[in-house]
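User: Hi! I'm new to reading protein structures. Could you walk me through this one?
Analyst: Happy to. Let's put it up and begin.
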Amino acid sequence: MNQIDLSHFVQKHQLGADFSAQALEYFVPLAREIANLHQNKHRSILVGINGAQGSGKSTLSELLVHILKEKYGLLAISLSLDDFYYAHHERQHLGHSIHPLLATRGVPGTHDVMLTLETIDHLLHHNNASTVCVPRFNKATDDRHDESQWTKVTHAPHIVLFEGWCVGASAQDDKELTQPVNALEESEDETGQWRQYVNAQLKHHYEPLFSNIDFMVMLKAPSFDCVYQWRLEQEQKLIASLNQIQNDSQQVMNEAQIARFIQHYQRITQHLLHTLPQKADVVFELDDNREIKNRIKNSDAPTLSIPTLIFTDLDGSLLDHHSYSHMAADSTLKYLQQNKIPVIPCSSKTQAEIEKLRLDLNNPHPFIIENGAAVFIPKHYFPVQPSDTKNQGEYWVKEFVAPHEHWLNKLNNVRDEFNGLYKPFSSMTIEEISQVTDLSMEQASLAAKRQFGEPVLWLGSDDKKREFIKTLQDSDAHVLQGGRFLHVCGDANKGKALIWLTGVYQQLKSQRFISIAIGDSHNDIQMLDMADKALVIRSPVHNIPSLSRVDDIYISDKLGPAGWAQGVNQILDDLFDLTDSPIKGEIHG
């Protein structure tokens with residue numbers, strides 16, 4: 001399966017060995033959300049990226065430019081709020097005329113907001129007939145680069161990425177400004193004039209600027225305490241880069257200067273840590289080492305361009321064949337949940353088994369039990385009850401076959417002919433079920449609660465198995481080969497259940513849905529054949545099933561939940577329509 005190669009980017013930016021894995025898990029899906037939002041809005045969009053100093057926002061912005069171009073064919077440009085600082089002499093004037101602390105770059109009031117607004121507006125409404133020049137700031141000299149060194153944008157970008165430490169910030173209440181938050185405010189802003197001026201600038205000039213943002217991303221530091229260490233690392237990288245090019249590094253700060261410098265940022269950073277997580281569209285919560293420990297999405301609107309349903313087998317697909325763990329797919333499951341893409345379990349498992357798993361996954365969607373024997377829809381999931389369903393407890397249920405006892409009778413009729421060659425679930429103790437399935441005793445007891453078909457453990461030869469299946473088929477039973485068991489039931493399968501439930505979604509939600517089926521074994525074939533897209537998961541114990549279809553088939557490289565996540569992300573990428581916005585032009589600077 002195709003997967004974007006980030007090795008050159010990692011090497012260029014001297015990033016750690018774990019960065020690629022984190023980027024593939026979190027930032028490639030983020031790029032997909034941004035690409036789909038651009039496609040949905042049919043115009044250039046502005047994406048804000050907030051993060052405390054040293055949090056990695058500049059690296060993320062550059063990475064997104066790379067992914068959006070290489071994976072989605074979209075032209076993106078990265079802007080930094082830092083590049084719009086007033087020139088050194090302008091800030092010196094602010095320091096003399098308003099307050100000495102305004103001579104130091106950083107806080108609201110030290111940026112040329114009008115230039116920022118004009119630049120963003122020109123980029124978002126670029127007509128491909130002119131050149132937009134984007135300012136660049138030289139932190140080593142604490143002044144703007146000469147205009148000859150500004151970035152020149154000759155073609156309209158699809159996406160403008162706007163990053164900065166206070167991007168997305170809102171003003172504080174005046175009463176919050178009374179008490180100083182650190183030694184700098186206490187000793188150098190005794191009257192509060194500086195912080196009142198900064199807050200007024202934020203309210204009257206920066207908030208209107210930030211209101212243009214279409215999609216807000218936050219890299220959330222665990223606290224302000226770690227910002228000093230992160231900022232120190234930034235300065236050390238700057239020193240190394242200047243030494244490499246034999247540039248003047250005399251303006252670079254030492255540790256004591258950094259400790260004082262970051263106090264300028266403390267008040268607003270702490271305010272952001274408290275307020276922005278509730279307003280940003282996506283929040284990545286970081287630990288002290290800048291590793292992502294959680295992803296939160298607050299936006300109500302799904303950003304996937306095409307409404308999509310995912311029907312998934314469980315054992316060997318979403319769940320590891322041996323351990324039954326879904327951990328390798330957890331970040332992808334969270335992404336799907338946050339983007340309102342239903343994941344519909346479709347399994348040989350019982351209602352009781354799937355209910356327990358749904359609780360574990362926090363999955364509120366319908367589910368399909370016992371190889372398509374019945375569909376369970378939580379009541380009030382749709383605005384009205386689907387026709388041809390019955391009320392059963394908390395669910396609307398669509399049954400496709402006769403109940404369990406009917407199929408037990410079919411098996412009893414062939415017991416003498418195939419005596420000792422098979423063992424049905426109903427004849428096993430919970431301990432025996434646990435042994436043959438590697439399930440815990442609790443899980444085995446849930447697996448025993450069959451409502452429709454009967455799993456059979458085959459003990460005989462392949463020839464006798466074929467004869468056994470033929471005999472049951474002659475009595476109007478249907479036999480499906482699963483990963484471990486033969487499943488004896490009626491004329492039902494996962495594919496029929498998929499078609500029925502997809503139709504219900506389309507009818508009751510009044511829109512077309514793309515269906516994705518995911519499976520690894522023979523009893524998934526009908527589902528894989530009938531869906532719009534089929535993802536076949538490689539198995540550690542058997543060959544991949546042979547499908548009738550010849551197109552829209554994806555085969556994972558990895559096993560189980562790792563292959564599940566890999567395949568789902570690949571399909572979601574391919575659903576993005578590249579012809580809507582092909583990349584044109586380049587950025588020079």
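User: What pLDDT does the protein average?
Analyst: This is a predicted model, and its pLDDT averages 91. Of the residues, 93% score at least 70.

User: Where does pLDDT stay under 50?
Analyst: That happens over residues 578-589. The model has 36 contacts beyond four places in sequence for this stretch. Where pLDDT is low, the predicted coordinates should not be read in detail.

User: OK, sheets next. What is the strand order in the open sheet of five strands?
Analyst: The order is 12-11-21-22-23, and the pairing is parallel. Strand 12 (343-345) and strand 23 (553-559) are the edge strands, each pairing on one side only. On average, neighbouring strands here are turned by 20 degrees against each other, direction ignored.

User: And how many bridges are there between strand 21 and strand 22?
Analyst: Four bridges, in the parallel sense, between residues 514-519 and residues 533-538. As for one residue pair, Ile 518 has Leu 535 in strand 22 as its bridge partner.

User: Which strands does helix 17 touch in that sheet?
Analyst: Helix 17 packs on the sheet and touches strand 11 (308-312), strand 12 and strand 21. The direction of helix 17 makes about 155 degrees with that of strand 11. Helix 19 (residues 560-575) lies across strand 11, strand 12, strand 21, strand 22 and strand 23.

User: What about the sheet with four strands, is the pairing parallel or antiparallel?
Analyst: Antiparallel, in an open sheet with the order 13-14-16-15. Strand 13 (367-369) and strand 15 (390-392) stand at the edges with a single partner strand each, so one side of each has no neighbour in the sheet. The twist from one strand to the next averages 35 degrees.

User: Which residue is the bridge partner of Phe 376 in strand 16?
Analyst: Val 397. Strand 14 (residues 374-378) and strand 16 (residues 395-399) are joined by five bridges. Helix 12 (residues 351-361) packs on this sheet, touching strand 13, strand 14, strand 15 and strand 16. Helix 17 (residues 494-509) packs on this sheet too, touching strand 13, strand 14 and strand 16.

User: Switching to helices: at what angle do helix 5 and helix 7 cross?
Analyst: The axes of helix 5 (residues 113-124) and helix 7 (residues 193-210) cross at roughly 15 degrees and come within 10 Å. That angle makes helix 5 roughly parallel to helix 7. Their crossing is left-handed.

User: Which residues meet there?
Analyst: Val 113, Thr 116, Leu 117 and Ile 120 from helix 5 meet His 205, Tyr 206 and Leu 209 from helix 7. By type, the contact has five nonpolar residues, two polar and no charged.

How values were computed. Residues are numbered from 1 along each chain as its sequence is written. This is a predicted model: local features need pLDDT of at least 70, side-chain atom pairs count only at pLDDT 80 or more; totals for chains, interfaces and linings use all residues. Side-chain values use heavy atoms; hydrogens and water are left out. Axes are lines fitted to C-alpha atoms, for helices over the stretch in contact, and angles run from 0 to 180 degrees between N-to-C directions. Helices (H or I, at least four residues) and strands (E, at least two) are DSSP runs, numbered from the N terminus. Angles under 35 degrees count as roughly parallel, over 145 as roughly antiparallel, 65 to 115 as roughly perpendicular and the rest as oblique. A crossing is left-handed if the near helix is turned anticlockwise from the far one by less than a right angle, and right-handed if clockwise. Contact means heavy atoms within 4.5 Å. Ala, Val, Leu, Ile, Met, Phe, Trp, Tyr, Cys and Pro count as nonpolar, Asp, Glu, Lys and Arg as charged, and the others, Gly among them, as polar. Two strands pair if DSSP finds at least two bridges between them. pLDDT is the predictor's confidence in each residue, from 0 to 100.
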